[in-house]
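Please open the model in your viewer and keep the selection tool at hand, since this tour moves from one selection to the next.

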Amino acid sequence: MNARRALREIGIGALAIALMAFILGPILWLGAHAFATSWTFPRLSADGWTTHWWHEVFADSALAGAIRTSLLITPVVVLISAVICLPAAYAIGRHSFPGRRLFLIGMFAANAFPKIGLFASLAALFYAMNLMGTVIGIVIVQLLGTIVFMTWIPASAFAAVPRSLEEAARDAGASRLTVFRTITLRLAMPSILVAVIMSFLASFDEAQGSYLVGAPNIYTMPTEMYALVENYPIQVAAVFSILLSVPSVILIGLARQHIIGGRLAEGFQIR
Amino acid sequence: MTEGTTTMADTTPGLRLAALTKSLGGRRIVDSLALDVHPGEMLALLGPSGCGKTTTLRMIAGFLSPDAGRVEIAGRDVTALGPERRPSAMVFQQYALWPHMTVFRNVAYPLRVRGVDRHEITRRVDEVLALVHLTHHRDSRPAQISGGEQQRVALARALVQQPDLLLLDEPLSNLDAKLRVQVREEIRTLQRSLGITTIIVTHDQDEALSISDRIAVMHDGRIEQVSTPSELYARPATEFVAQFVGSVNSYEGVLRDGAVRPGPGTIAIRPEHIEFRLEARDGALPAVVRSVVPRGHFHEVVLEREDVTLRAYMTGRIPDEGTRGWARVQQALRYRDGHLQEVVEGQA
Amino acid sequence: MLLIIGFIGFPIALSLALTLGFTGGLNQIIALIGQGIRPADHWWGTMAGYQALFSDPRFNGDLQQTIIVTVVSTIVVLVLSLAIALIVRLHRGRIAQLLGAIIVVPMFVPVVISAWAIHTFYGGDGFVRSVAALLGLQAPTLTSTMWAVIIGSVWTSLPFASLLVTSGMQSIPDALIDAARDAGAPMSRIVRTIMLPLASTQLIIATTFTSIGILGSFTIPYFLGSNQPTMLGVEISNFLNAYNRPQQAVAMAFVIFVFAAGIAIAYVRANLRGSATEARA
């Protein structure tokens, strides 16, 4: 009995370690390349270590420009997304109106439509409206990817705020607006924060659509990656990858407990 | 409708409901309800679930607007006002404390939204927290304190508004039995000393009987009776009240020579008004003890007589099952068409 | 809200019109510059665009690969996320905690980087082949094969699926598991008869999101896959940009959409069932 138990423990441990290696291996391997002078197959360590590639990236105007573009566009996208979607999320979460469920299903269906196909048809629209190669075009394209996050997660959070908490505030003398501001919004805030972070990442990482709409005029960091992979040494791509991951890593720190707390999972259920 | 205490008749009622009516989902929940609550009085709205008491309370608080009728608080018609503009404060059933605020901030909220000066807020909140003995939990979050303490925070949040009318929605239903008695007494003491007109909604007759000055029993959207607790128990105006408040043996027929005989109307006999002894006497009929169930400080004894089977509450020496003796009805309530005709007293 | 509908719904409707051969209105410009457009010949349009697509062996190869990759990856993701969920739910040791934290990492790594990291890891002079070579073995180069695409898809889909499944498993009360244990059921049976059914809604949601995501993926097959056959996501982009055949590109998107819609229906059903059970409870 004890031997079997020990064996099971070892099995579980091995499986867990294998999974972690599977997840972390590629990232660490790529990360190591960012500081390597060169790499000889089949060595497991670089020939030498350097920060040369970092200087190269920051000195390259195209690369630095892409970083700036990304950092500029993404917050705008998230902001617009929040302004458009949060009222809708509140309506969906709080009111039942005819077609509410249809709307949810429709949105899900639209989300099931392959993005690249959506971009293809958007491209048609953008040609007609002269939005190809413009910042507005990219903003719209990136906006599309954020809508699902920005609507569903907050909607379920709004729905989860107990009515009695709002009524207690009304009874205490607060107007509807004050109740929304001080009670409803506050209680939904962690989920909204998660939605904002997910939207930020979705927008920041969006490549296909931005490439289609933006190239060759405007490059964001991810679309620049496509070019990098083909035209630069692997170490530059590695450096750029690390830079591209920085916002994500910062946001993990902010959002970890909420996301792991299952808020995300809850957000994706139609009620 | 109201009775007793005529001395209050010339003063403005603390709360007046006039012809209050509300239908929800095609069903009439509250049906032209009228009620006067005296200033400083604690009135219990008692009834089974679904009787309309919660709907009534929500109309008083302003969360529901009535289809017809009026709500007046301290002489002022507030029917058209939203909950935030009514001089009433409510303690919610689940307390409805805001989890993202400390105890202090929860209690301070009503004053903050009214734009009260900061020092004034601190003074008044600390005062009311001292009143409910929660000063040591001033900076705790609702999740960190016990159910009884949460209840007191909810009460403090209502009291800090210095309301003309305090509304308690099943305030004790989430507490365990022992705490319930304690909190109930605290609420009563506090309400008395502050002299706030108070409505307490409950489905628990013990709670209603022990805490309130008067009780309004609701049934099917109407008020069946408004009386003091002892009056309500001694003279239940309708059959429903008799059955809902306390416990009764209820039979079709009339009481003749101490026996239930066929006849028009209904006879209701409280279990404590049945006397069982071994010896025969006036008005007593032969009876056999069928079962004995201990119920704490008394025993529930089922007695079989030739006319009816009676449930009796007995204290002192309890007979064994199968004992033969004589059972007598000391007092009975006689109803015609559901309404009280008379209280029939047996011979002492 | 209308804005949202307009944003997504309108382009889709417009492109549906294009695949059916309606070349007027806002579709005019793309129809003008695109090649191989089959114009409408009925009042409802034409199926010629779709017919051409399905008679193209290249498309059929792509479709086949897309389906294989989607099915295989989804199964692997499900199995792994179940394993993770069970470890986190039942084991609760240090290692389970660490696993739970590590597993979400790919969620925060941009897809482009994931693809590139996996490319360098499993590529010709990558880590896997380096280790094998040091051990004196000759490992295959996985990049530019379907296998790399599957690995990449699993890597990127795993966090979301395992988060969902784990939260499903975590929400099962201990009492239910203890009761089954008390009844003498072995762990394997408890997992099968108690835990899986109770987490079924989350499992179905995880399945749908994973498969739909992989079905329409672009970046992973673009970096990791072979040129021919490739997945439809890449092919759509090829047809749109390289070959300038927008009608076929969009038609392919609709083919993917039909598959995705099938999966989506299963999802909606699962959700409705989920909320129905809750309503009854």
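Begin by selecting Phe259(C), which in this predicted model sits in helix H14 (residues 246–280) of chain C and is partly exposed, with a relative accessible area of 37%. Add Ile67(C), Val71(C), Ile75(C) and Val79(C) to the selection, and together with Phe259(C) they make up a nonpolar surface patch of about 420 Å², to which helix H4 (residues 57–91) of chain C gives the most, with four residues.

Next, select Arg181(A), Arg186(A), Arg105(B), Arg112(B) and Arg141(B), which form a positive surface patch; helix H8 (176–205) of chain A and helix H2 (103–113) of chain B are the elements that give two or more residues to this patch. Within it, Arg186(A) belongs to helix H8 of chain A and is partly exposed at a relative accessible area of 46%.

Turn now to the salt bridges, of which the whole structure holds 26 over all chains. Select Asp67(B) and Lys22(B), whose side chains meet in one of them at 3.6 Å, N to O; the two residues are 45 residues apart, Asp67(B) being in the loop between helix H1 (53–61) and strand S4 (68–73) of chain B and Lys22(B) in strand S1 (residues 15–24) of chain B. Here Lys22(B) is buried at 9% relative accessible area, whereas Asp67(B) is partly exposed at 47%.

Finally, select Arg328(B) and Glu275(B), a salt bridge whose closest N and O atoms are 3.1 Å apart. Arg328(B) lies in strand S17 (residues 324–329) of chain B and Glu275(B) in strand S13 (residues 274–277) of chain B, so the pair ties together parts 53 residues apart in sequence. Extend the selection to Arg277(B), Glu279(B) and Arg281(B), which are joined with Glu275(B) and Arg328(B) into one network by salt bridges that share partners.

Note on methods
Residues are numbered from 1 along each chain as its sequence is written. Chains are lettered from A and ligands numbered from 1 in the order in which they are written. This is a predicted model: local features need pLDDT of at least 70, side-chain atom pairs count only at pLDDT 80 or more; totals for chains, interfaces and linings use all residues. Side-chain values use heavy atoms; hydrogens and water are left out. Patches are made of residues with over 30% relative accessible area and no salt bridge: like charges are joined within 9 Å, nonpolar side chains (Val, Leu, Ile, Met, Phe, Trp, Tyr) within 5 Å. Accessible areas come from the Shrake-Rupley method with a 1.4 Å probe; for residues, only the protein chains shown count as cover. A salt bridge is a side-chain nitrogen of Lys or Arg within 4 Å of a carboxyl oxygen of Asp or Glu. Lys and Arg count as positive and Asp and Glu as negative; His and the chain ends are not counted. The place of a charge is taken as NZ of Lys, CZ of Arg, CG of Asp or CD of Glu. Buried means under 20% relative accessible area, exposed over 50%, partly exposed in between (1.4 Å probe, protein chains only).
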